[in-house]
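These are my notes from a first look through the structure, kept in the order in which I looked things up.

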Amino acid sequence: MATAPVGSAEPLMSAPVAQPRFSAKKVLLKPEMGALAGAIAVWIFFAVVAGDRGFLNARGTASYLEVAAELGILAAFVALLMIGGEFDLSLGSTIGACGMIAALVASEYGHNLWLGIGISLLFAIVVGMANGILVLKTGLPSFIVTLAMLFMIRGATTGMTLKITNRTQVGGLNDLPGYDTASKLFAYEFHLFGASFAGSIIWWLVLTVIAGWILLRSRFGNWITGAGGNLQAARNVGVPIERVKILLFVGTAVSAWLLAMIQIINASSADVVRGEFKEFYAIVAAVIGGTLLTGGYGSVIGAALGALIFGMVQQGIVYAGVDGQWFDFVLGAMLLSAVLVNRFVRMRAVSTR
Amino acid sequence: MTVANNRDSAVELRNVSKFFGNVTALDDVSIDVHYGEVHCLLGDNGAGKSTLIKIISGVFKPDRGELLVDGQQVRFSSPRESLDHGIATVYQDLAMIPLMSISRNFFLGTEPLTGWGPLRRFDLKHADQVTRDELSKMGIYVRDTDQPVGTLSGGERQSVAIARAVYHGAKVLILDEPTAALGVKEAGVVLRYVAQARARGIAVILITHNVHHAYPIADRFTILNRGGVMDSKTYLKAEITREEVVNRMAGGEELDDLSHELAEFARRDEALADRELQV
């Protein structure tokens, strides 16, 4: 340690030292490194086990990328929220509600589908703001507040839909005005190597880049980490905690809305149970990606890698010829090992110089 | 040292009282803190130190009396307003975010920006450069300002928090128990930096239990006791010795009792040791 003798009041001018550009240790201690290693390992595993059964070809790749994309859209914003120190368990039922609102406005009330899309977006923003304001005003953990919202939104969605249609599903969206233009935005497909890839993959990549840029390069990103790392310290230096947290909740709610639109356009129908367990899967992807449950530390790139692992395992198990029910077991085991690896990385991060 | 009696007043409390229900937290307290001086605020737990600094930093409003900054009467309704008047408070544990990088911590809340429009972004290069320069001025060497603050020692962390406040234009620095959790060497690192802040003309309010840390660096001492100022005056360093400060803090009689008790313990220990020797 280069400290001057105690008692000297003169500033010690040390020679300017250049900032190291690259250090192997620094790279290895990045939060997403565990997820990167995990993604490579999972890919190699299924390439060996199921490579000759279609996991490696373009169609196999397209299938796991689509699963990864749908989760990854949520995981990018869930990671931001978790780094900001909060959870959003309500996004699963927000997916169901947004899809159903859009479908009902268009199909039951005869409006253009775009009006339904717009109204459901407004609904998502209101849900996000309500979550944020409730958490801030009550001081309760967001885990509990959004868990309550999860049930309230799911119950209200089912109740309203039954009251209006007597069913829990609304179909036939492809016959409605506005569907064709909406499908160009939400259900665009592109062809590569003879297979068709879902447009949600583009949404996923673009949103990951935007969310990653926000976290690492913007002032708001610094506020997110500050708010999640030490709320009081961040408040003391003037970070607008309320604004940061409310916007983060709006972010997860809007990502739920986007996924809902992609799903109803793809399926041409809405179902009140859509999005079930997505709130937990998104947290799993973020945690596998190196994001801490306690906030203040994590990675958007890691969350994307976590979603990629999720997609590869879910589809890879099927390609390997194993009963798909084993997926949940593997997912749980991966979550547990990811938490252990993250803890180790974090301890190394603050103990090395 | 020349007695800095005629330096400008930075912060002054005039006859300030603060009540919480029936409890009188501060009773008719007056202190005057000057630029370029370290004003040491001493006192036992519950003496009113926290309440006093929270009034200056805008957390509480005084129920009676006046708060003056640069000779002008002010009323703060939030910590932000106090901050805007150049008054920065560095709390012992709440200063830094351990898993965040040093330069990100240094500029948290005051991030320098570059670029324009939607691509307006946090100028990390500038942040790294400034942080590196400010740390080296303090004699803290880090290989990389991108490393988490958690890799710094407690004293270095505290020093970085002080450097941050000074760099961002603090004119008045309130340090709440800056050396409480630190070893002797570490405390030295922090106190050295407090001396540098004073040399820059900053008014420092140093809250502490530890007279031995405070005495060498302080220019004035105010001892709080049960919400009031002991002897109703602030002492210049020339007017009071270290022993007198200790004595007044503890309350002279209580300290005498304590030394009697300690002597009694020592006697018993000796007796015990003698008996063991005989066995």
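I began with a strand pair in this predicted model: β1 (residues 9–20) and β4 (residues 64–69) of chain B pair in the antiparallel sense, over five bridges. Looking for one particular match, I found that Leu13(B) has Leu67(B) in β4(B) as its bridge partner.

I then followed the sheet outwards and noted an open sheet of four strands in chain B, in the order β2-β1-β4-β5, with antiparallel pairing. β2 (23–34) and β5 (72–74) of chain B each have a single partner strand, so at these edges one side of each is left without a neighbour in the sheet. Ignoring direction, I read an average turn of 30 degrees between neighbouring strands of this sheet.

Next I checked helix α4 (residues 124–138) of chain B, whose 15 residues should span 21 Å at 1.5 Å a residue; the end C-alpha atoms are 21 Å apart, which agrees. Its buried residues include Leu124(B), Asp128(B), Arg132(B) and Met138(B), and the buried residues of α4(B) pack against α3 (102–106), β8 (121–122), α5 (154–167) and α6 (184–199) of chain B. Just after α4(B), I noted a positive phi of about 80 degrees at Gly139(B).

Last, I looked up the largest nonpolar core, which has 182 residues, and among those with the most contacts inside it are Ala75(A), Val78(A) and Leu206(B). Helix α3 (residues 58–83) of chain A gives the largest share of this core, 17 residues. Setting aside neighbours within four places in sequence, I listed the contacts of Leu206(B), including Val38(B), Cys40(B), Leu175(B) and Ala218(B).

Terms used:
Residues numbered from 1 in each chain as written. Chains lettered and ligands numbered in written order. Predicted model: local features only at pLDDT ≥ 70, side-chain atom pairs only at ≥ 80, totals over all residues. Pairing = 2+ DSSP bridges. Helix = DSSP H or I, 4+ residues; strand = E, 2+ residues; numbered from the N terminus. Axes fitted to C-alpha atoms, helices over the stretch in contact; angles between N-to-C directions. Expected span 1.5 Å × (residues − 1). Buried ≥ 20, exposed ≤ 12 C-beta atoms within 10 Å, placed from the backbone. Contact = placed C-beta atoms within 7 Å. Core = buried A, V, L, I, M, F, W, Y, C linked by C-beta atoms within 7 Å.
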